[in-house]
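This briefing sets out selected features of a single protein chain, grouped by topic. Please read it alongside the sequence and the model shown here.

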Amino acid sequence: MLKVVLCRSYEFICAPIVHQRYRQEFWHGKAKGRAEPFTRPDLSLSSQDWGNLVVGRISSWVDMDSPLDNVRRDAEKVLEQEFAYSGHLGLPSILLSLRSVNSQNLARFVYSKILPASQKLIWVHVPLHAPELVAQKLMASSLDEEDDQELPADLDTWEWWSRFHRSCDSDKKLSLVLELNSADLPSHTQMMRWLGEPLAAVVLPTHIFMTNKHGCPVLSRPHQAFVNLLYRLDIQVMIKGCDRHNNLRYYQQYMEHLWNSQPPDDPLTRFARGFEDFLQVPLQPLMDNLESSTYEIFEKDPIKYSKYQEAIHRALEDRVPVERRGDTVVTVMVVGAGRGPLVRATLIASEICGVNVRVYAVEKNPNAIVTLYSEKRDYWGSKVTVVACDMREWDPPEKADILVSELLDPLETTNFPQSASMEPRSVVTEDGISIPASYTSYICPIQSPKLYGDISTMRDKDKHPMSNFEMPYVVRLHNHTQLCEPQALFTFHHPNREPVIDNNRYKSAQFTASFKCTIHGFAGYFDTQLYKDVQLSILPSTHSPGMFSWFPIFFPLREPVYVRQGEVVTANFWRLATHRKVWYEWNISSPLVVPIHNPTGRSYTIGL
């Protein structure tokens with residue numbers, strides 16, 4: 001069989017570790033005490049082939065959660081034997097199937113096997129539809145595309161998987177194999193929640209394929225659309241069942257055609273390839289000096305600096321009437337100038353609109369100052385004054401007509417001078433312009449066992465036991481599902497001309513669950529108004545096309561929160577600050593109360 005499928009361009013087979021007819025019995029039955037080999041010998045293939053070409057499947061009759069003691073005991077013995085033999089063969093993965101929502105005993109056994117320092121992966125096979133629904137032909141009434149009604153737990157296969165996965169603490173060694181076992185698909189919202197699960201493969205039975213006019217297998221348009229979404233997660237495709245189209249190769253060719261027919265990646269996707277779901281600690285630009293490679297990455301963004309240039313251009317035009325542009329000089333302060341991209345944007349905007357400028361490039365990083373002085377000597381000349389100083393300690397010789405700063409973090413935008421304890425009113429004229437003028441952060445509860453599992457494996461003996469769950473992470477969100485649309489959190493305006501400035505914030509936001517799911521944390525986004533209608537955004541619905549300077553931020557929860565469809569999730573966020581640091585605290589207060597994360601900034605702060 002292996003030779004047959006390899007000749008038809010398949011990469012591996014999923015084969016039972018023990019032949020289905022060779023049922024083993026340990027506690028009762030005729031097969032008890034049988035002194036014959038229970039499966040094929042390891043000499044059937046080389047160790048390299050076992051380790052690369054075969055995924056072992058656990059015997060389908062095994063029922064670890066049977067109400068009958070003898071059946072349950074036999075099942076545990078069989079699992080012990082088959083797990084041990086798969087290790088002996090060096091199989092890369094083991095596939096087992098969930099039969100119902102009740103799988104706690106199976107979960108206990110599997111969890112005990114993956115807790116040790118083993119590299120073996122467990123693939124958990126789950127049908128998209130409960131077999132009872134398919135057998136009773138209730139698809140049209142229960143799973144119609146327009147029907148978003150919540151299924152009972154015993155018929156909701158996502159519930160089967162979710163309970164099993166949570167019982168195993170969302171361990172990273174567990175992956176989902178989803179079988180599209182019917183020609184019908186559930187509603188869109190019910191389908192989307194699967195995209196947040198750690199999918200390793202999708203199983204396509206041959207009976208769901210239709211036949212085109214050439215006699216070749218094809219999928220329906222809804223199935224094609226869903227498979228294309230799954231392809232973005234870089235999953236395997238497994239073909240199951242008898243050959244209904246004369247040649248198994250046709251199925252492989254069709255799936256390869258779907259893969260090759262995907263639209264080309266946008267600039268953001270190309271830039272982030274390899275960094276999907278990779279957790280990064282946010283930068284600390286006020287405390288630390290950024291490296292050259294970090295500056296270089298920022299400067300490669302094709303959108304951000306063109307938008308800044310447009311904003312500066314329009315601000316200069318509004319600042320100086322046409323008849324006065326020959327004899328008026330506008331003072332522009334670029335604070336946090338880095339290696340000078342915003343200085344260049346200012347000079348280009350000045351040249352285009354014909355407004356003379358005097359630019360102060362303020363930067364505290366002594367390494368970046370080397371570049372700024374070099375640029376001034378070779379290109380900028382007397383139009384630019386380089387200030388090697390922390391902007392909060394600088395006593396400017398004049399006030400700025402336009403103050404320009406670069407946002408450095410997707411949610412924690414406190415790196416703007418005002419939030420960094422520098423009062424803009426002391427450096428900006430009464431009618432001065434700030435670029436950016438305002439920015440708003442957004443949050444949204446998300447389901448992502450992948451991120452939760454990654455954080456669970458982090459350990460730091462010198463910190464609070466929960467410290468890794470009490471800090472935000474910059475991450476290119478990929479394998480996740482949004483519970484609903486993001487909501488606005490905090491908004492900052494600049495320059496802030498309030499008589500008393502307090503940048504502490506508190507917001508309670510309510511989200512209604514569109515479907516049954518598990519919340520693992522909150523995604524954070526932002527958008528900013530640079531000047532008038534010139535905007536930048538990483539909010540999914542308004543994302544600036546092609547911009548890749550900022551990824552979303554992720555606020556994890558120490559314990560996943562299970563919510564039902566229609567339940568209201570109340571999230572509470574605090575932004576707190578002293579003269580030395582800024583930090584966030586967050587929790588959920590409904591449908592259940594979870595502890596406040598990061599109290600007093602014990603696990604993470606942004607240093608000022």
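**Backbone features in loops**

S170 has a relative accessibility of 4% and therefore counts as buried, the limit being under 20%. The model is a predicted one. The points below begin with the backbone at S170 and continue with a sheet, a helix, aromatic pairs and one loop residue.

*Positive phi values*

- S170 is not a glycine, yet its phi is positive, at about 50 degrees.
- The loop between α7 and β5 (174-179) is where S170 is placed.
- T600 is another residue other than glycine with a positive phi, in this case near 55 degrees.
- T600 belongs to the loop between β24 and β25.
- Because its relative accessible area is 56%, and over 50% counts as exposed, T600 is exposed.

*Cis peptide bonds*

- A cis peptide bond leads from I435 to P436, with omega near 10 degrees.
- P436 is located in the loop between β14 (428-435) and β15.
- The peptide bond from H494 to P495 is also cis, and its omega is near -10 degrees.
- P495 is found in the loop between β18 and β19.

**The annotated region and its sheet**

*Annotation*

- An unreviewed UniProt entry lists residues 438-606 as "domain: PRMT5 oligomerisation".
- Across residues 438-606, strand makes up 47% of the chain and helix 5%.
- The C-alpha atoms at the two ends of residues 438-606 are 20 Å apart.

*Open sheet*

- Four strands form an open sheet in the order β19-β23-β24-β25, and their pairing is antiparallel.
- The edges of this sheet are β19 (505-512) and β25 (606-607), each of which pairs on one side only.
- Strand β24 (residues 581-590) runs antiparallel to β25 and is joined to β25 by two bridges.
- V582 has I606 of β25 as its bridge partner.

**Helix α16**

- Helix α16 spans residues 449-456 and is mostly covered, with seven of its eight residues buried.
- The buried residues of α16 are P449, L451, Y452, G453, D454, I455 and S456.
- These buried residues pack against one helix, α7 (157-167).
- They also pack against the strands β15 (438-447), β16 (473-474), β20 (517-531) and β22 (553-563).

**Aromatic pairs and charges over rings**

*Pairs that include Y584*

- The model contains 19 aromatic pairs.
- The ring centres of F490 and Y584 are 6.2 Å apart and their planes meet at 25 degrees, so this pair is stacked, for which the planes must be under 30 degrees apart.
- F490 in strand β18 (residues 487-493) and Y584 in strand β24 are 94 residues apart, and their pair links distant parts of the chain.
- F490 counts as buried because its relative accessibility is 3%.
- Y584 likewise counts as buried because its relative accessibility is 5%.
- The rings of F555 and Y584 have centres 5.7 Å apart and planes at 55 degrees, so this pair is tilted.
- F555 in strand β22 and Y584 in strand β24 are 29 residues apart, and this pair too links distant parts of the chain.
- Both F555 and Y584 are buried.
- F490, F555 and Y584 are among the members of one aromatic cluster, which also includes F522, F573 and W586.

*Lysines over tryptophan rings*

- K304 is positioned over the face of W550, 4.9 Å from the ring centre.
- K581 places its charged end over the ring of W583, at 5.4 Å from the centre of that ring.

**Loop residue T578**

- T578 is part of the loop between β23 (568-577) and β24.
- With a relative accessibility of 35%, T578 counts as partly exposed, because this value lies between the 20% limit for buried and the 50% limit for exposed.
- Leaving aside residues up to four places away in sequence, T578 touches W583 and L608.
- W583 is also the residue whose ring lies under the charged end of K581.
- T578 and N246 are 332 residues apart along the chain, and 72 Å separates their C-alpha atoms.

Key:
Residues are numbered from 1 along each chain as its sequence is written. This is a predicted model: local features need pLDDT of at least 70, side-chain atom pairs count only at pLDDT 80 or more; totals for chains, interfaces and linings use all residues. Side-chain values use heavy atoms; hydrogens and water are left out. Two strands pair if DSSP finds at least two bridges between them. Buried means under 20% relative accessible area, exposed over 50%, partly exposed in between (1.4 Å probe, protein chains only). Contact means heavy atoms within 4.5 Å. UniProt positions are given in the numbering used here, feature names are shortened, and annotations may be inferred rather than shown by experiment. Rings of Phe, Tyr and Trp (its six-membered ring) pair if their centres lie within 6.5 Å; planes under 30 degrees apart count as stacked, over 60 as edge-to-face and the rest as tilted. A charge sits over a ring if NZ of Lys or CZ of Arg is within 6 Å of the ring centre and within 35 degrees of the ring normal.
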